[in-house]
Amino acid sequence: MKRAIFRSVLACLCIYATFSGFSSKSLADEKVKGFVISSESETKTIEKVNNRILDNTKGSASKISYVVNIDDKISFSLAGLLSLDKGGVVIPVKDNNIDDTSKAILKNSEQVYVVGDKSSISDDILNDLGIKFNRIGSDNPEDTNYHVNKFLGNRDLLAVDSGNDSDILGAVHYARIYNMNLYIYDSTKQIDENIISEVKNGKNIYFYDGVESLSNEAKAKIYDLSEKDKKEIKSYSLDGKDLLKIFKDRYSLRKNENVVLSENKNLTDMLSSYILADKSGYEYLVMDSKSMNLDVERLISESGSKNLHYVSTDELGKFVNFRSLLSSVNKEEVTGFEVNKDKGEITVSDSNSDKKAENSVSEKVTVKSNEKLVDGKIVPKEEEKNVTEKSNDEPSSSKSSDGSFEYSKVLVMNATSYTDDPSENGGYSTTRLGTPLRYGVVAVDPRVIPLGTKLYIEGYGYAVAEDTGGAIKGNRIDLCFTNKAQANAFGRRNVKVYILK
């Protein structure tokens with residue numbers, strides 16, 4: 001199975017032809033649209049996702065419904081896998097309550113399953129609605145995983161630690177594409193021998209090695225219980241530490257006009273958005289909530305995607321990363337967006353992001369064929385190694401993978417430094433855009449550099465303009481550090497600020 005997995009991955013590799021030179025002006029100027037599925041309530045967000053799925057599938061996805069308590073992370077994840085594997089939608093229950101939108105879906109379902117034990121969801125909640133259902137579970141909450149796997153049938157098993165939401169999503173993804181059962185292991189409890197005993201007749205047990213992998217002792221005990229050779233454990237451990245890369249690698253092999261995105265914040269957003277992508281035939285990407293996502297921007301730009309669908313349990317106005325992504329792929333200012341709450345759409349204005357403020361200082365930089373841009377400095381190629389070694393003392397985020405980047409213009413600015421300590425920021429720990437203060441955030445004058453602009457700053461690294469300051473006017477820039485000593489060492493200096501494409 002292990003070799004089969006990698007053969008299947010290799011079989012997916014293909015080379016897409018690059019089309020250029022014949023795009024009409026209307027196509028070249030076409031904006032990438034942004035659509036948002038969001039609510040400050042987890043149940044409402046899932047319901048909005050369900051409505052979008054039903055629209056995209058002409059209602060056929062409502063034939064099967066899986067009712068689950070979304071506060072029960074393991075049962076919710078298993079219900080998601082059932083929905084992906086067997087079809088249907090996940091109906092959220094919270095505080096033993098089902099909203100009217102979900103009730104309407106249930107009444108139109110041909111088959112309804114309750115995932116979990118009776119203490120999680122009582123029979124009364126559906127009996128009162130006059131809905132017939134089957135339960136995948138028992139009176140014991142610890143048996144749900146076993147009953148779900150029995151329902152799925154005798155297949156290879158993938159075990160994942162329940163401690164990290166990203167790990168669970170990655171395991172659900174692998175279980176989905178490789179047709180596996182899933183054991184979400186709670187390390188605070190005993191290994192469920194019933195689940196392990198079901199893996200028989202030549203079936204294999206895999207381990208998802210993520211942020212919080214199963215311990216070697218737990219893996220060994222599972223293999224002992226299944227009477228498998230412990231020497232094979234390493235071969236059957238799948239690397240899932242970088243979930244974002246897993247989806248980016250998969251995305252890079254495909255082209256699709258529609259992409260669903262979520263940030264790696266919580267399981268509700270990630271799993272419901274993944275289900276939306278799967279059922280709608282869209283592609284899926286996870287964005288890093290703490291970075292500028294330059295790689296995601298590049299992938300989307302290169303793939304020619306036209307519609308970006310973003311799922312988040314948050315207020316519309318707080319989608320800083322998503323709006324920044326839209327601004328970059330559309331070459332627009334991040335402030336040039338309007339949010340239509342009724343349509344759930346972020347529309348791009350017709351403003352020109354390349355307008356130059358009167359008080360900006362611009363300098364044209366040309367990199368010749370025998371030169372290379374390394375850490376913000378133009379150097380002869382033979383000196384590249386020395387410059388790179390010299391910059392090793394700076395934070396690792398100050399260099400791209402190959403020391404180069406694409407930019408539209410460069411400004412010479414006077415730079416100062418500050419830290420993320422709230423005591424230095426009037427008691428605030430967030431930026432002007434509402435994002436956390438962190439390394440890579442800079443304060444600017446929005447008249448010179450629009451908020452949301454991605455930058456590369458000489459001697460500092462990649463950054464995004466998310467903050468402002470009373471003293472930051474005109475050709476000034478203030479760089480955020482998380483280390484007081486580093487901030488003091490940076491001091492005040494003139495730097496080149498590259499406006500990234």
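**View 1. The side chains of N56 and S280 meet in a polar contact.** In this predicted model, the two side chains come to 2.9 Å of each other in that polar contact. N56 belongs to helix α3, which covers residues 42–56. Beyond its neighbours up to four places away in sequence, N56 touches L276, S280 and Y282. You can also pick out K279 here: its C-alpha atom sits 8.2 Å from that of N56, with the two positions 223 residues apart along the chain. Is N56 buried or exposed? Neither, quite: its relative accessibility is 32%, so N56 goes down as partly exposed.

**View 2. L169 sits in the largest nonpolar core.** This core counts 82 residues. Which residues have the most contacts inside it? They are V67, L158, L169, L182 and Y284. Helix α12, residues 267–280, gives the core its largest share, with seven residues. Zoom in on L169 and, leaving out residues up to four places away in sequence, you'll find it touching L243, F247, L267, M270, L271, Y274, Y284 and V286. Y284 thus turns up in the contact list of L169 and also among the core residues with the most contacts.

**View 3. Another core lies apart from the largest one.** This one has 28 residues. Among them are L437, V442, F490 and I499, so to find your way around, start from those four.

**View 4. Strand β18 pairs with both β23 and β22.** Take β18, residues 407–419, together with β23, residues 493–500: they pair in the antiparallel sense, over eight bridges. With β22, residues 476–481, the sense is parallel, and six bridges do the joining. N414 is a handy residue to follow here. What is its bridge partner in β23? That is N494. In β22, R476 is the residue standing opposite N414.

**View 5. D95 and N96 both sit in the loop between β3 and α5.** The flanking elements are β3 at 89–93 and α5 at 100–107. Most residues other than glycine have a negative phi. D95 goes the other way, with a positive phi of about 55°, although it is not a glycine. N96 has a positive phi too, about 60°, and it isn't a glycine either. How do they fare for exposure? D95 has a relative accessible area of 68%, so it is exposed. N96, at 42% relative accessibility, counts as partly exposed.

**View 6. Two stretches have pLDDT below 50.** For the protein chain, pLDDT averages 82, and 79% of the residues score at least 70. Residues 350–365 fall below 50; this stretch still has 33 contacts in the model beyond near neighbours in sequence. Residues 384–402 are below 50 as well, and here the model has 25 contacts beyond near neighbours in sequence.

**View 7. Zooming back out, the protein chain holds 16 helices and 23 strands.** It runs to 501 residues, and 52% of them are buried. Look at contacts between residues at least 6 apart in sequence: 70% of those join residues at least 24 apart. The chain exposes about 23800 Å², with carbon and sulfur atoms supplying 45% of that area.

Notes:
Residues numbered from 1 in each chain as written. Predicted model: local features only at pLDDT ≥ 70, side-chain atom pairs only at ≥ 80, totals over all residues. Heavy atoms only, no water. Helix = DSSP H or I, 4+ residues; strand = E, 2+ residues; numbered from the N terminus. Buried < 20%, exposed > 50% of the residue type's maximum accessible area, 1.4 Å probe, protein only. Contact = heavy atoms within 4.5 Å. Areas by Shrake-Rupley, 256 points an atom, 1.4 Å probe, with all protein chains shown as cover. Pairing = 2+ DSSP bridges. Polar contact = N/O pair within 3.5 Å; in protein donor to acceptor, adjacent residues only side chain to side chain. Core = buried A, V, L, I, M, F, W, Y, C linked by side-chain atoms within 4.5 Å. pLDDT = per-residue confidence, 0-100.
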